[in-house]
Amino acid sequence: MNNTLTAVSGLEVGHYTDLANGTGCTVILARGGASGGVDVRGGSPGTRETDLLQPMHRVDRVHGVVLSGGSAYGLDAASGAMRYLEEQGIGVRVGAAIVPIVAATILFDLNMITNKVRPGPDDGYAAAVSANAEAVPEGSIGAGTGATVGKLLGPERAIKGGIGSAAVTLPDGNTVAALIAVNAVGDVVDHQTGEVVAGPRRSSGPGFVPSVQALLLGESQAEAELPPTMGNTTIGVVATDATLTKEEANWLARLSHDGLALTIRPCHTPRDGDTMFVMASNHRDPPGDLTTIGTAAVEVTARAVMRAVTTATGLGGIPAVSELEREG
């Protein structure tokens with residue numbers, strides 16, 4: 001059973017992964033177009049084509065979304081996805097021209113291994129070429145390659161992040177899914193039990209130091225700049241095959257941030273540029289109940305965050321949760 005973003009009909013996902021340099025990008029394609037929405041939070045975002053997706057702006061469909069590492073440099077990966085879609089004849093027709101609408105957002109993974117290599121147009125193109133409707137590979141792959149979490153106490157105590165996905169099919173037949181690349185400064189917390197699943201490792205012994213506790217007790221490096229070797233930001237896509245207007249897609253994007261806040265603590269900080277896109281493939285009619293779809297969007301976002309850290313593998317000297325469990 002496919003419990004990832006591609007459970008939503010009309011969507012395909014492809015990754016480009018550079019393990020040697022600790023970075024990568026992920027492309028989500030909607031060859032038939034999708035109603036698009038976006039909501040940007042946190043103090044350090046990096047985005048492309050987000051204004052176009054806002055209500056009252058003319059274009060109401062998106063053909064691709066790119067999630068990329070590489071900080072602001074990684075936005076170049078979207079040009080490669082655009083080139084691929086143009087070759088396929090997919091986009092908005094303007095006279096003889098075809099203009100694919102490809103939105104993008106980035107996370108900061110520079111210095112994970114190097115700051116000299118970051119995803120570019122050729123890498124975005126490669127990810128687009130590889131896109132398919134099979135279950136999406138998760139963990140330290142694509143945009144999650146260089147992701148890390150739990151960084152308030154410094155890089156030497158961080159945990160490997162990654163990219164994760166989750167999906168649910170509602171009783172009315174509509175599917176809602178999420179794909180999230182988790183690179184948060186904060187912890188990842190199980191939203192059902194409250195347990196810290198991934199956070200700053202204790203200086204001695206097993207377990208994690210809860211970042212919220214460290215902040216409130218003055219035990220973190222929050223008053224100073226975080227070490228320059230680490231960066232942040234959680235980015236992702238919520239998708240559904242339900243029929244949504246552009247306004248409804250933007251509402252769903254806003255609501256999906258609740259899923260981040262349930263599982264990432266602290267969330268939406270000045271050091272994070274958390275950004276959530278929505279893609280509605282409009283493959284089902286009638287559209288379904290928005291309250292139910294919104295509830296599902298929050299839940300699959302939270303589950304995808306958990307998947308991102310539990311499926312990750314260590315890289316660059318930073319261990320994953322699964323490796324700590326094996327050590328224990």
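**Exercise 1. In this predicted model, describe how strands E1 and E2 pair, and find which residue of E2 is the bridge partner of Val13.**

Solution. Begin by locating the two strands: E1 covers residues 12-18, and E2 covers residues 23-40. Next, look at the direction of the pairing, which is antiparallel and extends over seven bridges. One of the residue pairs to look for is Val13 with its bridge partner in E2, Ile28. Then follow the chain through the hairpin, where four residues lie between the strands and Gly22 takes a positive phi near 70°. Finally, consider the surroundings of E1: five of its seven residues are buried, so this strand is largely enclosed by the rest of the structure.

**Exercise 2. Work out the order of the strands in the open sheet that contains E12, and state which are the edge strands.**

Solution. Recall first that strands of a sheet pair through backbone hydrogen bonds, either parallel or antiparallel. In this sheet three strands follow the order E13-E12-E15, and their pairing is antiparallel. The edge strands are E13, residues 196-198, and E15, residues 264-265, since each of them pairs on one side only. Now look at the contact between E12 and E13 in detail: E12 spans residues 187-189, and two bridges join this strand to E13. Here Val189 of E12 stands opposite Val196 in E13.

**Exercise 3. Compare the length of helix H4 with its expected span, and explain where its buried residues lie around the axis.**

Solution. Helix H4 runs over residues 246-263, which makes 18 residues, and reaches 27 Å from its first C-alpha to its last, close to the 26 Å expected at 1.5 Å a residue. The next step is to list the residues of H4 that are buried, meaning under 20% relative accessible area: they are Lys246, Ala249, Asn250, Leu252, Ala253, Ser256, His257, Gly259, Leu260 and Thr263. These residues cover an arc of only 165° around the axis, which puts them on the same side of H4. As background, an α-helix has 3.6 residues a turn, so residues three or four places apart point the same way.

**Exercise 4. Decide how the radius of gyration of the protein agrees with that of a compact globule, and describe the overall fold in numbers.**

Solution. For 328 residues, a compact globule would have a radius of gyration near 20 Å, and the protein, with 18 Å, agrees with this. Its C-alpha atoms fill a box of roughly 60 × 45 × 35 Å along the principal axes, and the protein contains six helices and 16 strands. Buried residues make up 57% of the 328 residues. Lastly, among contacts between residues at least 6 apart in sequence, 79% join residues at least 24 apart.

Methods. Residues are numbered from 1 along each chain as its sequence is written. This is a predicted model: local features need pLDDT of at least 70, side-chain atom pairs count only at pLDDT 80 or more; totals for chains, interfaces and linings use all residues. Side-chain values use heavy atoms; hydrogens and water are left out. Two strands pair if DSSP finds at least two bridges between them. The expected span of a helix is 1.5 Å times one less than its number of residues. Buried means under 20% relative accessible area, exposed over 50%, partly exposed in between (1.4 Å probe, protein chains only). The arc is that of the directions from the helix axis to the C-beta atoms. The radius of gyration is taken over C-alpha atoms; the globule rule is 2.2 Å times the number of residues to the power 0.38. Contact means heavy atoms within 4.5 Å.
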